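Student: Could we go through this model together, with the reasoning behind each answer spelled out?

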Amino acid sequence: MTVEGTAARKPRRSSKRTSASGTKASGAQGAEPQLVQLLTPEGERVQHPEYDIDLSAEELRGLYRDMVLTRRFDAEATSLQRQGELGLWASLLGQEAAQIGSGRALRDDDYVFPTYREHGVAWCRGVDPTNLLGMFRGVNHGGWDPTSNNFHLYTIVIGSQTLHATGYAMGVAKDGSDSAVIAYFGDGASSQGDVAESFTFSAVYNAPVVFFCQNNQWAISEPTEKQTRVPLYQRAQGFGFPGVRVDGNDVLACLAVTRWALERARRGEGPTLVEAFTYRMGAHTTSDDPTRYRLDDERAAWEAKDPILRLRTYLEKQGLADAAYFEELEAESETLGKRVREAVRAMPDPDHMAMFDHTYADGHALVDEERAQFAAYQASFADGEVK
């Protein structure tokens, strides 16, 4: 069983629990991990000697808009699942800064390999939010053409997309292109062998890939300290490439660090591991109950560092956005929620035979046999519908 698939358990207090600030009270390394931060939880702008960034007021408002609309879409999808319109949903609540910051660092010719929670990155790549919901409603196997946005289909198998990304990046290097590849995964996936193999191959072949780990502290019910004895970003050292821990609730820092890592890959300097230290404020998926293994005060501590609230505070303090802007954005978010809700409910039921059409590119005798058997079974019902 994978780390992300372990059973839920009752919360236990531990002196080694990762603190809300991103450091460990104690541990094998002794020293506190470094954390790149450009915008404090109080909305104060700070400088960093290596990863600073200069953005216009329009760009800052754009990042804020991205996060607000992504959260609104995510909330609508969760509600739709609760109403029986979706079979499952994996919320990104609390991880908007990590996804929007890294997503906006990408160029159009870069390629993205997501997991199943990168709704904010999909937004940055121009994937219509309604397309993300088809798979979770059970009406398609993805809903978009990966080549149209350089955004691969969602990957449910934990960690496997890092291998896909590494292979693709090796191909990019052989083609002589200066584009880069980014692979998203979680702290639980970092315990998978696929991820270790990806690190090895990317380092040996100097692949232009950025490994972006969203450490949201919990692999379902398994806390980070039950998965690793060192901070995740330090694992890169053992494979021969740099790792950086960034404040995953700081959209400016996530943008700056990811942009640096992508440029490094384009220059032929190989892979980078970015650990976005953030928090999953909701459930792992809508089938999960985090109250069985998390304490309320832990979530409260992270809510005080909400990525959207801190950027709004900065915009207001600096006079970069007025009340009219926020009102217009609120209206836009409600319009988005309504559009998503109506689009999901209008999705047609899938053709039952379609699942046999895309299994093999050139057809297969066994699939043909199974298709015929299923067609006969379906025809056995008076109304032509499978019961």
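Student: Over which residues does pLDDT stay under 50?
Tutor: This is a predicted model, and the protein averages a pLDDT of 90, with 90% of the residues scoring at least 70. Where pLDDT is low, the predicted coordinates should not be read in detail. That caution applies to one stretch for which the model nevertheless has 73 contacts beyond four places in sequence, and the stretch with pLDDT under 50 is residues 1-30.

Student: How many residues of helix H2 are buried?
Tutor: Helix H2 covers residues 96-103 and is mostly covered. Its buried residues include Glu96 and Gln99 as well as Ala97, Ala98 and Ile100, and Gly101, Ser102 and Gly103 are also among them. The number of buried residues in H2 is therefore eight of eight, where buried means under 20% relative accessible area.

Student: Which helix gives the most residues to the largest nonpolar core?
Tutor: In soluble globular proteins, nonpolar side chains tend to be buried together. Here the largest nonpolar core has 89 residues, of which Tyr64, Leu133 and Leu311 touch the most other members. The element that gives the most to this core, with 10 residues, is helix H8, residues 251-266.

Student: Which residues is Leu133 in contact with, leaving aside its neighbours within four places in sequence?
Tutor: Leu133 is one of the residues that touch the most other members of the largest nonpolar core. Leaving aside neighbours within four places in sequence, its contacts are Phe73, Ala77, Leu86, Trp89, Val340, Val344 and Met347.

Student: How many residues are in the second, separate core?
Tutor: This core includes Phe277, Tyr279, Met281 and Trp302. Its total is six residues.

Student: Is Phe201 in the nonpolar surface patch buried or partly exposed?
Tutor: Phe201 lies in helix H7, residues 193-204, and together with Val204 and Tyr205 it makes a nonpolar surface patch of about 330 Å². Because its relative accessible area is 42%, Phe201 is partly exposed.

Student: What is the phi of Asn150, and what is its relative accessible area?
Tutor: Most residues other than glycine have a negative phi, and most peptide bonds are trans. Asn150, found in the loop between helix H5 (146-149) and helix H6 (160-175), has a positive phi of about 50° although it is not a glycine. Asn150 is also buried, and its relative accessible area is 17%.

Student: What is the relative accessible area of Gln217?
Tutor: Gln217 is found in the loop between strand E3 (209-215) and strand E4 (218-219), and its phi is near 80°, a positive value in a residue other than glycine. Gln217 is buried, with a relative accessible area of 1%.

Key:
Residues are numbered from 1 along each chain as its sequence is written. Side-chain values use heavy atoms; hydrogens and water are left out. pLDDT is the predictor's confidence in each residue, from 0 to 100. Contact means heavy atoms within 4.5 Å. Buried means under 20% relative accessible area, exposed over 50%, partly exposed in between (1.4 Å probe, protein chains only). Helices (H or I, at least four residues) and strands (E, at least two) are DSSP runs, numbered from the N terminus. Patches are made of residues with over 30% relative accessible area and no salt bridge: like charges are joined within 9 Å, nonpolar side chains (Val, Leu, Ile, Met, Phe, Trp, Tyr) within 5 Å. Accessible areas come from the Shrake-Rupley method with a 1.4 Å probe; for residues, only the protein chains shown count as cover. A salt bridge is a side-chain nitrogen of Lys or Arg within 4 Å of a carboxyl oxygen of Asp or Glu. A nonpolar core is a set of buried Ala, Val, Leu, Ile, Met, Phe, Trp, Tyr and Cys residues joined through side-chain atoms within 4.5 Å.
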